[in-house]
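Open the structure in your viewer and keep the selection tool at hand. The stops below are meant to be taken in order.

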Amino acid sequence: MFNDRICALSTPRGISATAVIRCSGKGTVESLRNLLPGTSTLQHRRAKVSAFVQNDRYIDEVVVTFFKGPASYTGEDLVELSFHGNPLIVENALKALFAVGFRMALPGEFTKRAVLNGKFDLIRAEAINALITSKTEKALEAAIKSFRGDLSEEVISFRAKIIELLATVEVELNYPEEIETDYSSLLENLLDLRKGIAEFIASSQNGIVISQGIKTAIVGETNVGKSTLLNALLKRDRAIVSDLPGTTRDTIEEDLNIEGVLFRVVDTAGIREAEDEIEELGIERTLEAIEESELVILLHDPHNYADKDLEEALKKKGKRLIVAANKSDIRTVEKGSYDIILSARTGEGLKDLERLMLKLTEDITSIGNEVIISARQKQKLSDAMDFIGRSIEAIENGMTVDVTGTMIEQAARSLDDLLGTNVTEDLLERIFSDFCVGK
Ligand SMILES: Nc1nc2c(ncn2[C@@H]2O[C@H](COP(=O)(O)OP(=O)(O)OP(=O)(O)O)[C@@H](O)[C@H]2O)c(=O)[nH]1
Ligand SMILES: [Mg+2]
């Protein structure tokens, strides 16, 4: 429980119909009493209309909704005040709240309190953030799955299995004479568990990609029109275009929403023999972008297209690849080995390109059972898997039970971190700093 009271604007700044300020913490109702003369009593989950005044100064008429802790978002007494949506009113109101002892909430502090007060686990807290920040329909769909508890459920069930196995080992530790642990069944269970977590991580990967955007690199030789293509896809002049080869020297990344699917498109420096050090660094980044991307668009100007090395290399890597011929407005091109013929300048063939981008990434975007998972969550699941792997090794190498037990215990701890039981203040701070103030 926290002893201080926090408040923050929970709706966007600016002119709007209403602006909601949230107040939470022990003593919230008492602190508000003088500001809300129209509400001698506040009832749980009831809304009331009242004047909001500071001493004799009338600030606004507000709708007051009270949630008595622990049955509130934060688990504490929580009041939502709906003002008229004028930033000046909000400012006056916040000043009045500070004067009676509230302080400004930090980003995500309401949700952080909810976690620390046991209202929900960290996974759900992160899901709430994903719900708010999802940029496309697909990402939103994945966030909703996570919010509704699919991920928590999986993790809790993994954890329960680990604890069960730990119990078997502990019995052996405590009663070495009486009990003979059945190692073959323990080993089998551990192997099963490791496999289960591994499969879960593999299927969840997509969640990360969906929310952060499918990394798509536009690569090719200099001057083929990569930057022009980026601009055409974005429908704005983002990258510098010129007829000098070697114009783009660094990678440029932008979000692109195609029919609800988020692509993170990267325009890269053209590949050729570098003429100076900066260009060389740029080309290195191009190669990195290729490594990191889920999809590569290899652009050619068919007129000058000679070097097939890059195409061969990309095919060998097994990257999802679109080979496109650009400048169809000034070249007549045979379809031949090209997947797409387009003109980044006139927009011809662009729709076909977008359709192909969607088609080639269908395996990523079809949301099956997988849930959205953040990099932190993936790390914790991998940690748990590693510790289980080590406990398996311990058994296979004939180590003592306590070594096995320690490893299994560490695995459980990783999942505790994931769920937010026993997390450090530090970690919480890091996670919640991504949230918006007022959430
Ligand atoms: N006619 C025609 N010209 C194009 C087309 N796309 C690009 N260009 C021209 O080709 C030249 C190079 O375009 P960029 O987009 O800068 O090429 P780039 O591949 O990004 O080049 P680097 O950044 O130097 O590697 C510019 O003069 C563009 O106007 C197209 O579809 N048709
Ligand atoms: Mg360029």
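Which residue of β10 is the bridge partner of glycine 220? Select glycine 220 and look across to β10: the partner is leucine 299. Keep in mind throughout that this is a predicted model.

**Stop 1: the strand β7**

Glycine 220 belongs to β7, so select residues 214–220. Strands β7 and β10 run parallel and are joined by five bridges. Strands of a sheet pair through backbone hydrogen bonds, in either a parallel or an antiparallel sense.

Now look at the other partner, β9, which covers residues 261–267. Here too the pairing with β7 is parallel, over five bridges. Two pairs are worth selecting. Lysine 215 stands opposite arginine 264 of β9, and threonine 216 has valine 265 of β9 as its bridge partner.

Is β7 largely enclosed or largely open? Six of its seven residues are buried, so the rest of the structure largely encloses β7. A residue counts as buried if 20 or more other C-beta atoms lie within 10 Å of its own.

**Stop 2: the sheet around β7**

Select the whole sheet next. It is an open sheet of six strands, in the order β8-β9-β7-β10-β11-β12, and its pairing is mixed. The edges are β8 (252–258) and β12 (340–341), each of which pairs on one side only.

Go to the β8 edge. Strands β8 and β9 run antiparallel and are joined by seven bridges. Select aspartate 255 and find its bridge partner in β9, arginine 264. Arginine 264 has already appeared opposite lysine 215. The hairpin of β8 and β9 has two residues between the strands, and glutamate 259 takes a positive phi near 45° in this hairpin.

Two helices to show on this sheet are α10 and α11. Helix α10 (residues 309–317) packs on the sheet and touches β10 (295–300) and β11 (320–325). The direction of α10 makes about 165° with that of β10. Helix α11 (residues 350–360) also packs on the sheet, touching β7, β8, β9, β10, β11 and β12. The angle between the directions of α11 and β11 is about 170°.

**Stop 3: the other six-strand sheet**

Move to the sheet with the order β3-β4-β5-β2-β1-β6, which is open and has mixed pairing. Which strands stand at the edges? They are β3 (47–54) and β6 (102–104); each has a single partner strand, so one side of each is left without a neighbour in the sheet. On average, neighbouring strands of this sheet are turned by 35° against each other, with direction ignored.

Select residues 57–67 for β4 and 78–85 for β5. These strands pair in the antiparallel sense over five bridges. One pair to pick out is threonine 65 with its bridge partner in β5, glutamate 80.

Then show helix α2, residues 87–99, which packs on this sheet. It touches β1 (5–9), β2 (16–24), β3, β4, β5 and β6, and its direction makes about 70° with that of β4.

**Stop 4: ligand 1**

Select ligand 1 and the residues around it. How many residues surround ligand 1? There are 22, and the closest are Gly225, Ser227, Thr248, Gly270 and Arg345. Colour the shell by class: five residues are nonpolar, 12 are polar and five are charged.

**Stop 5: two residues and their distances**

Select alanine 375, which lies in helix α13 (residues 375–396). Alanine 375 counts as exposed because it has 9 C-beta neighbours inside 10 Å, and the limit for exposed is 12 or fewer. Then add isoleucine 208: the two residues are 167 residues apart along the chain, and their C-alpha atoms are separated by 7.4 Å.

Next, select arginine 33, in the loop between α1 (28–32) and β3. With 13 other C-beta atoms within 10 Å, arginine 33 is partly exposed. Draw a line from its C-alpha atom to that of alanine 394, 361 residues along the chain, and the separation is 63 Å.

**Stop 6: the whole protein**

Zoom out. The protein has 15 helices and 12 strands. Its C-alpha atoms fill a box of roughly 80 × 80 × 40 Å along the principal axes. The radius of gyration is 28 Å, whereas a compact globule of 439 residues would have one near 22 Å. Of the 439 residues, 38% count as buried. Among contacts with a separation of 6 or more, 64% are between residues 24 or more positions apart.

Key: Residues are numbered from 1 along each chain as its sequence is written. Chains are lettered from A and ligands numbered from 1 in the order in which they are written. This is a predicted model: local features need pLDDT of at least 70, side-chain atom pairs count only at pLDDT 80 or more; totals for chains, interfaces and linings use all residues. Helices (H or I, at least four residues) and strands (E, at least two) are DSSP runs, numbered from the N terminus. The radius of gyration is taken over C-alpha atoms; the globule rule is 2.2 Å times the number of residues to the power 0.38. Two residues are in contact if their C-beta atoms, placed from the backbone, lie within 7 Å. A residue is near a molecule or strand if its C-beta atom, placed from the backbone, lies within 6 Å of it. Ala, Val, Leu, Ile, Met, Phe, Trp, Tyr, Cys and Pro count as nonpolar, Asp, Glu, Lys and Arg as charged, and the others, Gly among them, as polar. Two strands pair if DSSP finds at least two bridges between them. Axes are lines fitted to C-alpha atoms, for helices over the stretch in contact, and angles run from 0 to 180 degrees between N-to-C directions.
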